[in-house]
Structures are given as structure tokens and as C-alpha cells.
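User: I should like to learn how to read a model of this kind, feature by feature. Please give the general idea each time and then the case at hand.

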Amino acid sequence: MSDNLQPRGSDDATFAQPLYTPIKRRSFFMYAGATAGASALVLAGCSKDSPDPVKPNLPNGNSTTADGSISLGSGDVGVLNYAYALEQLEADFYAKVAAGSVLSGAELAYFQQVAKHEAIHRDFFKAAITRDAPGQTLRGLTPKYPTGTFDTRTSILATAKAFEDLGVSAYNGAGKLIKNAAYLVIAGQIVSVEARHAAYIRDLIAPGTFAEDGNAATSVNAQGLDLVMTPTAVLATAQAFITEKLDGSSIGVNA
Amino acid sequence: MNFFNIINQLAEVDPDVMGRLDTRRSVFNSLTTLGKRTALAAGPALLASFFTKAYAGTTAGDPKEVFNYALSLELLEADFYKKMVASQYFSGQSAAYQGAINQILKNENAHVALLQAVVSGIGGTPVTGNAFSTTVFNGLGSFAAQLEVAQLLEDTGVRAYKGRAGDLLGIADVTIGGTAYNPLETALRIHSVEARHAAHIRTMRGQTPWITGSGDKDSQPNYAGAIPESNTTQSGVSLIAANAITPNTTYSAADAAASFDEILTPTEVGALVTPLKQ
């Protein structure tokens with residue numbers, strides 16, 4: 001193509017020719033095509049509405065989804081809000097137990113300590129998420145319980161066991177979704193305390209069932225591995241105790 | 001103690017830091033260039049703090065090394081409980097006590113078998129030996145004395161696993177016997193079982209299932225370390241002064257310490273368990 005734009009020779013034999021040879025027709029369309037393509041790219045870059053398949057729009061924590069659910073957010077923020085949601089539920093449950101009169105003596109004293117642990121977990125997550133992901137902190141949730149949950153020791157222990165084992169399952173399953181090692185260490189620091197709670201409560205229900213209870217699906221398995229659940233499965237269970245509808249579909253998902 | 005702020009500060013000078021911190025190895029790979037930029041912003045103290053807290057004790061990021069580290073602890077524990085069951089004091093215990101020790105021994109043996117398979121599965125050679133010292137064991141003159149050591153072993157194990165979790169971030173699944181195991185998830189699932197064991201043994205000994213700081217063994221070095229179990233600040237958040245978060249609420253140091261377990265580095269764990277090995 002460059003030949004078409006080159007000045008011809010300046011000797012006398014070629015002097016009469018036009019200074020520039022006209023661009024061949026085919027070459028002209030090559031230029032035109034390239035220009036059109038470049039214009040299209042510029043326009044695409046300017047468009048705010050153009051879909052971007054490389055980086056999908058991931059929800060912010062505490063945003064409202066199309067169906068009216070509250071999103072826990074994406075990436076590590078999603079994992080942190082997921083933990084915060086579960087800790088809110090646990091803290092509320094134990095606060096009610098600790099303030100009640102069904103349990104007594106050493107048992108009540110221990111449940112009051114567990115209530116503090118869960119409240120501290122809840123407050124920690126609120127502070128950490130607010131600092132690290134301003135504006136994405138999950139709102140305060142409204143727990144709800146089946147009728148009679150707080151009426152008997154049996155019901156309290158059964159609910160506590162369900163919550164603690166669910167918490168262990170959740171943290172164990174969420175670890176691999178975390179990208180930031182510092183957050184992973186925090187999750188590890190909390191899950192072992194939840195496991196201590198779970199063991200204590202299981203022993204109250206049936207002495208010696210701290211790890212296994214004869215049901216491989218609900219306790220440590222034959223390989224010595226503890227419970228694990230995906231966020232989807234955990235939230236399906238937890239949702240029954242939470243008034244607001246939660247959406248955890250982007251937990252751990254990164255752009 | 002401020003994990004999040006450190007990461008945030010790193011992110012300010014290196015926007016890609018989140019993506020490049022997936023594994024400890026990548027941290028070292030990026031350290032040269034990252035260090036130059038970070039040095040201007042925060043100085044070497046920040047990096048030192050970062051590695052101490054987020055990657056504590058990670059002298060090697062090889063998952064084979066991490067799982068052999070775990071295996072060596074499980075071998076020690078399994079042999080200890082095997083010796084407990086075989087000891088002269090065992091038969092006189094209640095069915096509940098015997099059942100608990102047998103349950104824990106069963107779990108530890110399962111951990112040994114699984115970890116041996118994981119190490120082999122990722123191309124390593126499983127460590128062997130690591131028996132519990134017969135001399136030390138024979139010096140334990142009662143079932144109660146044995147339980148004291150059991151508590152220290154379990155609580156130390158919980159802290160040891162926690163200290164290596166960051167090394168396993170992003171490590172690919174391992175297939176064993178046709179089943180895929182995520183290395184990090186597997187380690188976490190063993191870690192929480194150790195916590196269940198610790199809680200039960202502490203209860204058998206009349207201690208709180210969690211570590212409040214007022215237990216009869218809480219002054220042992222197993223509960224100390226660069227970050228002691230008495231720590232009440234997590235990621236720069238004071239857990240006691242949480243009244244700033246939930247108005248008019250304060251928490252005791254005991255509750256704050258008990259609500260988070262702490263890590264131990266491999267060096268710290270080595271100092272604690274080496275005297276117990278055969």
C-alpha cells in the first residue's frame with residue numbers, strides 16, 4: 001500500500017505524472033474498513049450500556065436483587081457478609097437463651113458465655129466489613145423461630161446443636177472461597193470456637209457425641225473429616241430462621 | 001494485629017495485591033517489586049508485620065510440607081491415645097471415658113490414613129515414625145495426668161492447623177480413590193475435629209470447653225506464643241471495646257479471648273512437641 005503514496009521519481013521522465021498516484025480502489029476500502037472498525041471500538045468504549053462479558057456486574061453487599069432479596073455481595077465481601085449473617089442469627093438465639101429461665105446453674109453460665117462469643121463474632125464482622133468494604137455491610141437481620149423454640153431445654157439444645165453444626169459446616173465450606181489469606185486466618189480462628197461450642201452442646205444432648213453420633217451424615221465421618229456445606233445449602237437451612245430473604249449466589253465470586 | 005489494614009495498605013501501593021496473595025509462594029515471588037514500592041509507603045516493619053500475622057510461621061509454602069507437618073502431629077496424637085488405651089489406668093475408667101478416648105483415637109487414626117494418602121497424592125513421601133515418647137508417657141502416673149497431656153496436644157493441634165491454612169489457599173484438588181479432596185477444605189475439616197476433641201477433653205477435666213485464660217493449664221507455653229490465646233484484638237478490632245460497635249455493650253477479656261482461637265507457628269509448635277517425641 002505504501003507504494004501508492006510514495007512520490008514518484010523526480011527525474012524528467014516522470015515529471016509530468018501526478019505528484020501522488022491515486023490510491024487503488026481496493027486499498028481505499030481497506031482504509032475505510034479499518035477506520036469504521038476503529039470508530040466502532042471507540043463508540044463501544046463510550047457506551048455505558050454495552051454488555052461486558054469479561055467482568056460481569058457483581059452485586060454489592062447489602063444490595064437488593066431483582067426478586068427483592070438482600071445480596072450478601074460477591075468475592076470476599078460476600079464471604080464476610082455470609083459469616084456475619086450466621087453470627088447475627090447465633091448471637092440473637094443465644095441472647096434469648098441467656099436471658100431466659102429454662103436453663104440453670106453451670107449450664108446457663110456456659111450458655112451465657114457462648115452468647116458473648118457469638119455477640120463478639122457478630123460485632124467483629126460488622127466492624128471489619130464496615131471498615132474494609134464501606135457501604136456493603138449486611139443490614140441487621142430479623143431472626144424468627146418456630147413456636148416453642150425457647151420453651152424447653154430439649155428444644156433449646158436441639159436448636160443450638162443445629163446452629164453450631166451449621167456454623168462449622170459453613171466456615172469449613174467457605175474457606176476455599178476466600179481470596180485474602182488474612183480473612184482465611186480469621187475464619188479459622190472462629191470455626192474452631194464454633195466446633196468447641198458444637199462439641200459441648202452435643203455432649204449435653206448425648207454424652208460422648210462430641211464428634212460422632214452414629215449418623216455419618218450429621219457428624220464426623222469415617223475419614224475423620226468434620227461437616228462441610230456450600231453457602232447455598234447453608235443458607236437454605238438458615239433461611240427458615242431469618243425473616244429477610246438472603247441471596248448468597250455471588251459469595252466468593254470475583255470479577 | 002491489623003490484618004485488614006495491612007492488606008489495604010499493600011493494595012494502595014499494589015492494586016493487584018489481592019490477586020497475588022493467593023499463595024504464600026506468590027507473595028515471595030512478588031516481594032521484590034512489591035517491596036520496593038511498599039518500602040516508600042510503609043517501611044519494612046509493615047512487611048514484617050504482614051508475614052508474621054497473615055503467613056505466620058510459613059517457612060515453606062510447599063503443600064507437601066504442610067501436609068507432612070500435619071501428618072507428623074497426627075502420628076504423635078494417634079500414638080499417644082494408643083498408649084492411653086493400652087495403659088494400666090485405662091481399664092478402670094468409666095465407659096464414657098473409655099468411649100471418648102476410643103472415639104478420639106479412631107479419628108486420629110483416620111486422620112493419619114487420610115493425610116498419608118494426601119501427601120502421596122500430591123507427589124510427596126509421607127513422614128513416618130513420630131511416636132509419642134515412651135519415657136514421657138510412662139512418667140504420667142495417672143489417667144488424669146494423661147488427660148492433661150491430651151488437652152495440651154489437642155489445643156496445640158488446633159493452633160498448628162490454623163497457622164498453616166494460608167499456605168493451602170488456591171491449591172488444586174487432589175483425587176484419592178476416585179474422590180476429589182480440596183486440600184484447604186480437608187485441612188479445615190480435620191482442624192475443627194481437633195477442636196471438638198479439645199472441647200471434650202477439657203470438659204472431662206472440668207475445664208471450660210473454650211480457652212478463657214482462667215483454666216488450670218492456661219499458663220502453659222501451649223497457650224502462649226507470638227499471638228497468645230489471651231489476645232483480645234483481632235484484625236485491629238478491639239473485641240473488648242466493642243461498645244463502639246454495639247452501643248452500651250462491653251465484653252470481658254475472658255469472653256473476648258475465648259471467642260477467637262489463635263495460631264501457632266511451626267517453630268512454636270516444634271518447640272512444644274519435640275520433647276514429646278520418641
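**Confidence and architecture**

Analyst: Among the elements of chain B, helix H4 (residues 44–54) of chain B has the lowest mean pLDDT, 36, and H9(B) the highest, 98. Here pLDDT is the predictor's confidence in each residue, from 0 to 100, and helices (H or I, at least four residues) and strands (E, at least two) are DSSP runs, numbered from the N terminus. This is a predicted model, in which local features need pLDDT of at least 70 and side-chain atom pairs count only at pLDDT 80 or more, while totals for chains, interfaces and linings use all residues. Residues are numbered from 1 along each chain as its sequence is written, and chains are lettered from A and ligands numbered from 1 in the order in which they are written.

User: Over which residues of chain B is the pLDDT below 50?

Analyst: That stretch is residues 1–60 of chain B; it nevertheless has 82 contacts in the model beyond near neighbours in sequence. Two residues are in contact if their C-beta atoms, placed from the backbone, lie within 7 Å. For chain B as a whole, the mean pLDDT is 83, with 76% of residues at 70 or more. The predictor assigns the complex an ipTM of 0.80 and a pTM of 0.80.

User: How many helices and strands are there in chain A, and how many in chain B?

Analyst: Chain A has 7 helices and 2 strands, in the order α-α-β-α-α-α-α-α-β along the sequence. Chain B has 11 helices and 4 strands. Contacts show how each chain is joined up: of those in chain A between residues at least 6 apart in sequence, 68% join residues at least 24 apart. In chain B, the share of contacts with a separation of 6 or more that join residues 24 or more positions apart is 76%.

User: How should burial be read, and what share of each chain is buried?

Analyst: A residue is buried if 20 or more other C-beta atoms lie within 10 Å of its own, exposed if 12 or fewer, and partly exposed in between, with C-beta atoms placed from the backbone. Buried residues are 45% of the 255 residues in chain A and 46% of the 278 residues in chain B.

User: Which residues have the most contacts inside the largest nonpolar core?

Analyst: A nonpolar core is a set of buried Ala, Val, Leu, Ile, Met, Phe, Trp, Tyr and Cys residues joined through C-beta atoms within 7 Å. The largest has 124 residues, and A:Val79, A:Leu80, A:Ala187 and B:Ala70 have the most contacts inside it. Helix H6 (residues 181–205) of chain A gives the most to this core, 15 residues. Beyond four places in sequence, A:Ala187 is in contact with A:Ala83, A:Tyr171, A:Ala174, A:Gly175 and A:Ile178.

User: How many residues of each chain take part in the contact between chains A and B?

Analyst: In chain B, 57 residues are in contact with 47 residues of chain A. H9(B) provides the largest share of the chain B side, 16 residues. By class, that side has 32 nonpolar, 17 polar and 8 charged residues. In this count, Ala, Val, Leu, Ile, Met, Phe, Trp, Tyr, Cys and Pro are nonpolar, Asp, Glu, Lys and Arg are charged, and the others, Gly among them, are polar.

User: Why do the buried residues of H11(B) line one face of the helix?

Analyst: An α-helix has 3.6 residues a turn, so residues three or four places apart point the same way. In helix H11 (residues 266–273) of chain B, the buried residues are B:Glu268, B:Val269, B:Leu272 and B:Val273. Seen down the axis, they fall within an arc of 120 degrees (the arc of the directions from the helix axis to the C-beta atoms), so they line one face. Their cover includes helix H5 (63–86) and H8 of chain B.

User: Which residue other than glycine has a positive phi near 70 degrees, and is B:Ser235 buried or exposed?

Analyst: A:Asn62 has the phi near 70 degrees; A:Asn62 lies in the loop between helix H2 (25–46) and S1 of chain A. With 18 other C-beta atoms within 10 Å, A:Asn62 is partly exposed. B:Ser235, with a positive phi of about 50 degrees, is in the loop between strand S3 (233–234) and strand S4 (237–238) of chain B. B:Ser235 is buried, with 23 other C-beta atoms within 10 Å.
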